Amino acid sequence: MERTGWGRQLSVTADGRGLVGHAGAVLLHRVADRVGLTVALQRLWPAGGSATWRNRAHVLLGLASAIVLGATNLSEAEQLQAHHQAILGPAGSDSTAHRLLAGMDERELGRIARARARVRRHLWSLLALRPGGFPWLAVAGKVLTGWIVIDIDATVILASSKKEGAAATFKKTFGFHPLAAWCANTQESLAMLLRPGNAGSNTVADHLAVLADALGQIPDSSRAKILVRVDGAGATHELLEHLEKLNTARRTVRYLTGWTITADDEQAIAHLPERAWDALLEQDGTPHESYGVAELTGLNQRSGWPDGMRLLVRRVKPSGRQVKKLTAFEKKTGWKDSVVATNIRHMWGIAGSHQPQWLDALSRSHATVEDRVRGDKAMGLRNLPSKKWQVNQGWVLAANIGHDLDCWVRLLALHDQDDLVRAEPDTMRYRIYHLPARLARHARRRWLRIERTWSWAHAFTLAWQRLTDLPDVT
């Protein structure tokens, strides 16, 4: 059989009509409309009367949608939106989007953040009505019902050219060093602070600012049960003391943070008897007898830390990469030690939540924040497109809104599709967002027709119907 025969008598032309690529854009715009984000943003800016006026809310949402689809700069975003004019209407140019982002000062960003918080309150009420209810986190066989988990982490965005704020980073690269917070329950982006590349990893003021912005996005955060997880950069006196002060008669705040091991810590670990070690728990709740977890509280007498703080130590066999960084104490014992600090004595409604084994598993599940970082970089944050700080700050906001739109589509419309509900950006693009379609008109209606043989065609149409069936937001 001749393998090249498929190309015989095949001609390729560019004269097609009514064809739509990246048809998943309609789902992103649909969810923005149905949960009230479009209306909330429109109320922030005045309406124009001229034919050339571009509604700034539509420009921002169009940019966010284009970023989800894969746009990496304003020019690409313009081209993607222009391709969807037959469905979504006229799109703003790249210069219009540039002017919008350049005008986003701190006051404007604050107004948008408050609008997003109001929309998130409504969205979470919709999530509670889903089959299965609100997505509570599950760790090592226990469901954290009633607890909102906030993960805070920093990352590095590389810059290949000189840009305002770009500087040498702690990883010996060049670019930016943003600090962000995500909701582990829903995967939503709660807050992100764009910082210069030379910003410190454990800068207290930055952690406090991101935490405040994240709490502002949590519905009824003044009377919620909140768990904050941070890596070792969060183990500062000021941050932990601030987290303790957030506790009120109505609000419960607990934290888990990494801990930099010192000689005092190693001395305390050395005093632990072998019987003090319990088996480490895997994320599915099964014990790992080869590794251990123990309570270090009381053996380490370092002063100045919040009253009631607990220290938990975990020992594992070092990996090949870790062997080169072992301390003299670890080389002697043959274990790689990690310490976690927490104020959790008991989490209301969760039996056994005081146990060091389970708290260690809860701390290790913070590693999923790397998935959020990877997802953000796949949606617009691998590279910042402008030389101007304020434009890049606005781009970060648009990328965060796009991140949320993607989450909302999966949470509201694909929650029972196991291969899509936790899908990463590239998977969603391949299966849903980048689908081609044909726009047809029949019986005074417009029809967007998806190829019936595509494996996820039903998921696409199901998502559209579910989003369309959401109650109106006025």
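This briefing covers one helix, two cysteines and a set of salt bridges in the structure above. The model is predicted. A search of the whole structure finds 20 salt bridges, whereas the number of disulfides is zero. Helix 8 comprises residues 204–217, and its buried residues lie on the same side of the helix.

**Helix 8**

- Helix 8 has 14 residues, which at 1.5 Å a residue should span 20 Å; the C-alpha atoms at its ends are 20 Å apart, in agreement with that expectation.
- The buried residues of this helix are Val-204, Asp-206, His-207, Val-210, Leu-211, Ala-214, Leu-215 and Gln-217.
- These buried residues cover an arc of only 165° around the axis, and therefore they fall on the same side of helix 8.
- Among the elements that cover the buried residues of helix 8 are two helices, helix 7 (106–128) and helix 9 (237–245).
- The cover also includes strand 4 (147–154), strand 8 (179–183), strand 9 (189–193) and strand 10 (225–230).

**Cysteines**

- The structure holds zero disulfides, and Cys-183 accordingly is in none; the nearest cysteine sulfur, that of Cys-407, is 9.3 Å away.
- Seen from Cys-407, the closest cysteine sulfur is in Cys-183, and the 9.3 Å between them is too far for a bond.
- Cys-183 counts as buried because its relative accessibility is 0%.
- Cys-407 likewise counts as buried, at 1% relative accessibility.

**Salt bridge between strands 4 and 10**

- The side chains of Asp-151 and Arg-229 form a salt bridge, with an N to O distance of 2.8 Å.
- Asp-151 belongs to strand 4 and Arg-229 to strand 10, so this pair ties together parts that are 78 residues apart in sequence.
- Asp-151 and Arg-229 are both buried.

**Salt bridge between helix 13 and strand 14**

- Asp-360 and Arg-314 form a salt bridge in which the closest N and O atoms are 2.4 Å apart.
- This pair links distant parts of the chain, with Asp-360 in helix 13 (residues 356–364) and Arg-314 in strand 14 (residues 310–316), 46 residues apart.
- Asp-360 counts as buried at 4% relative accessibility, and Arg-314 is buried with a relative accessible area of 14%.

**Salt bridge within helix 15, and a network**

- Asp-406 forms a salt bridge with Arg-410, with 3.2 Å between the closest N and O atoms.
- Both residues lie in helix 15 (residues 389–413); because they are four residues apart, about one helical turn separates Asp-406 from Arg-410.
- Asp-406 counts as buried at 2% relative accessibility, as does Arg-410 at 3%.
- Arg-116, Arg-120, Glu-188 and Asp-404 are joined into one network by salt bridges that share partners.

Conventions: Residues are numbered from 1 along each chain as its sequence is written. This is a predicted model: local features need pLDDT of at least 70, side-chain atom pairs count only at pLDDT 80 or more; totals for chains, interfaces and linings use all residues. Side-chain values use heavy atoms; hydrogens and water are left out. The expected span of a helix is 1.5 Å times one less than its number of residues. Buried means under 20% relative accessible area, exposed over 50%, partly exposed in between (1.4 Å probe, protein chains only). The arc is that of the directions from the helix axis to the C-beta atoms. Contact means heavy atoms within 4.5 Å. A disulfide is a pair of cysteine sulfur atoms within 2.5 Å. A salt bridge is a side-chain nitrogen of Lys or Arg within 4 Å of a carboxyl oxygen of Asp or Glu.
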